[in-house]
Amino acid sequence: MADILATPHQASSRQAEKDVQFRTLGAISVAHWVSHFHIFALPMLFPFLKQQLNVGYIELGFALTVFAVVSGLTQAPIGYLADHLGARKILLMGLCLGGGALIALGLHLSYSWLIGSAALLGLANSVYHPANYAILSAHMNEARMGRAFSVHTFAGFLGGAVAPAVIAALTATVGGHGALIAAGAIGPLVALVLLVVGIPEASAADKKTAGADASKQNVITPALAVLTIFFLLLSLSNAGIANFGVVALMSGYGATFSAANLALTAYLGASAVGVLAGGFLADHTARHGQVAAACFAVNAAILLLIAAVSLPQLLLVVAMGLAGFLSGVIAPSRDMMVRNAAPAGAAGRAFGIVSTGFNIGGIISPLLFGWIMDQNMPHWVFGVSVAFMVLTVVLALATERSPEESKPARA
């Protein structure tokens with residue numbers, strides 16, 4: 001009815017606002033696609049790098065450790081810069097830095113350049129969550145915020161999903177050096193696209209609601225501290241399945257290589273679909289913590305079944321697919337929990353702080369689950385994941401009850 005009664009000028013203004021939101025979501029999602037694509041660029045080139053550099057997989061793995069450590073240490077500081085210098089500027093610099101790191105490695109291939117490039121990629125990776133979420137939080141329609149977050153997350157999943165095929169095609173056509181340069185060039189090219197599209201600056205919108213004293217707020221609140229642990233547990237509960245699920249199913253349950261890979265594919269693919277479904281759910285409830293808790297409680301039950309029983313192949317694939325779908329559903333609600341806990345004008349810092357939990361999980365999980373497999377306890381890959389999920393349920397419910405969580409970041 002409001003649209004019918006609106007004057008032509010008002011209708012035109014609303015349409016212009018929708019167009020800006022659409023362009024902003026599209027541009028930010030493409031940037032998130034690049035971030036996940038760049039994360040997988042080096043691992044996909046390990047065979048080439050091992051041959052060219054004459055090093056072992058331990059040395060190559062150390063590069064990924066450097067990436068994770070740098071990204072983890074710089075998430076919170078980058079969030080601070082995004083709120084003070086502007087998320088748009090920080091995002092553009094991150095795209096160029098990550099791309100430049102891969103281009104430099106392609107032009108000057110050596111082990112020292114590999115470690116340096118991994119460090120620069122880690123720094124660039126720390127840009128995306130604080131900057132992207134700050135811009136989306138400031139400019140997307142409140143009624144569609146959950147769906148905006150879900151599209152953004154899905155784009156990241158897609159970037160990781162296509163990376164193996166794209167890197168393989170590039171290596172086959174232009175060689176390993178060319179693949180590094182081409183993969184890196186995507187970063188500056190997307191930065192140029194964002195400039196042409198004209199994505200808005202988050203800080204300008206934040207100042208309207210946060211006031212002049214927003215930068216002086218203490219952003220490390222109890223709610224955000226709990227959410228950082230929440231993100232850590234999310235990372236640990238998913239990493240074991242994603243990274244060690246195949247070998248665990250083969251070693252402990254007698255699954256064939258193809259069956260185990262099919263089960264993991266079902267998990268990862270359904271997770272991406274679940275993210276999109278979760279966006280609609282997040283927009284139609286204010287109880288984001290309860291949504292996350294319910295999904296992970298069911299997920300824990302499914303994984304406990306997988307851990308305890310050797311399921312037939314079809315049931316295993318179905319169970320893994322359902323578990324993946326539920327893990328994806330909670331992603332938009334997870335992001336809404338952070339947004340609601342962030343003080344006004346501090347979305348960049350808030351997402352930077354809690355995203356550190358993901359990076360810590362990325363450092364711990366390979367050691368933890370690798371040790372579990374070395375101890376010949378493949379069932380515990382799923383069992384320990386269940387334990388982390390149960391802890392996640394408890395924290396989600398505790399955060400839901402926190403008074404700070406009920407206060408929206410901005411009107």
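**Exercise 1. Is Arg147 buried, partly exposed or exposed, and what is its relative accessible area?**

Solution. The model is predicted, with local features requiring pLDDT of at least 70 and side-chain atom pairs counting only at pLDDT 80 or more, while totals for chains, interfaces and linings use all residues. Residues are numbered from 1 along each chain as its sequence is written, and side-chain values use heavy atoms, with hydrogens and water left out. The classes are set by relative accessible area, where buried means under 20%, exposed means over 50% and partly exposed lies in between (1.4 Å probe, protein chains only). Arg147 has a relative accessible area of 24% and is therefore partly exposed.

**Exercise 2. Describe the salt bridges formed by Arg147 and by Asp83.**

Solution. A salt bridge requires a side-chain nitrogen of Lys or Arg within 4 Å of a carboxyl oxygen of Asp or Glu, and the count by this rule is five. In one of them, Arg147 pairs with Asp283, with 2.6 Å between the closest N and O atoms. Because Arg147 belongs to helix H7 (residues 145-197) and Asp283 to helix H10 (residues 257-283), the pair ties together parts that are 136 residues apart in sequence. Asp283, at a relative accessible area of 17%, is buried.

Asp83 meets Arg349 in another salt bridge, at 2.7 Å from N to O. This pair links helix H4, which holds Asp83, with helix H13, which holds Arg349, across 266 residues. Both Asp83 and Arg349 are buried.

**Exercise 3. Place these helices in the overall fold.**

Solution. Helices (H or I, at least four residues) and strands (E, at least two) are taken as DSSP runs and numbered from the N terminus. The protein has 14 helices and zero strands, and of its 411 residues 54% are buried.

**Exercise 4. Characterise the nonpolar surface patch and the helices that build it.**

Solution. Patch residues have over 30% relative accessible area and no salt bridge, with like charges joined within 9 Å and nonpolar side chains (Val, Leu, Ile, Met, Phe, Trp, Tyr) within 5 Å; the areas come from the Shrake-Rupley method with a 1.4 Å probe, and for residues only the protein chains shown count as cover. Val69, Leu73, Ile360, Ile363 and Ile364 make a nonpolar patch of about 390 Å². Two or more of these residues come from each of helix H4 (57-85) and helix H13 (347-374), and H13 gives the largest share, three residues. Ile364, found in helix H13, is partly exposed at 36% relative accessibility.

**Exercise 5. Explain what is unusual about the backbone at Asn54 and Asn376.**

Solution. Most residues other than glycine have a negative phi. Asn54, which is not a glycine, has a positive phi of about 55° and lies in the loop between helix H3 (46-53) and H4. Asn376 likewise has a positive phi, near 60°, and is placed in the loop between H13 and helix H14 (379-401). Asn54 is exposed, with a relative accessible area of 69%, and Asn376 is exposed as well, at 62%.
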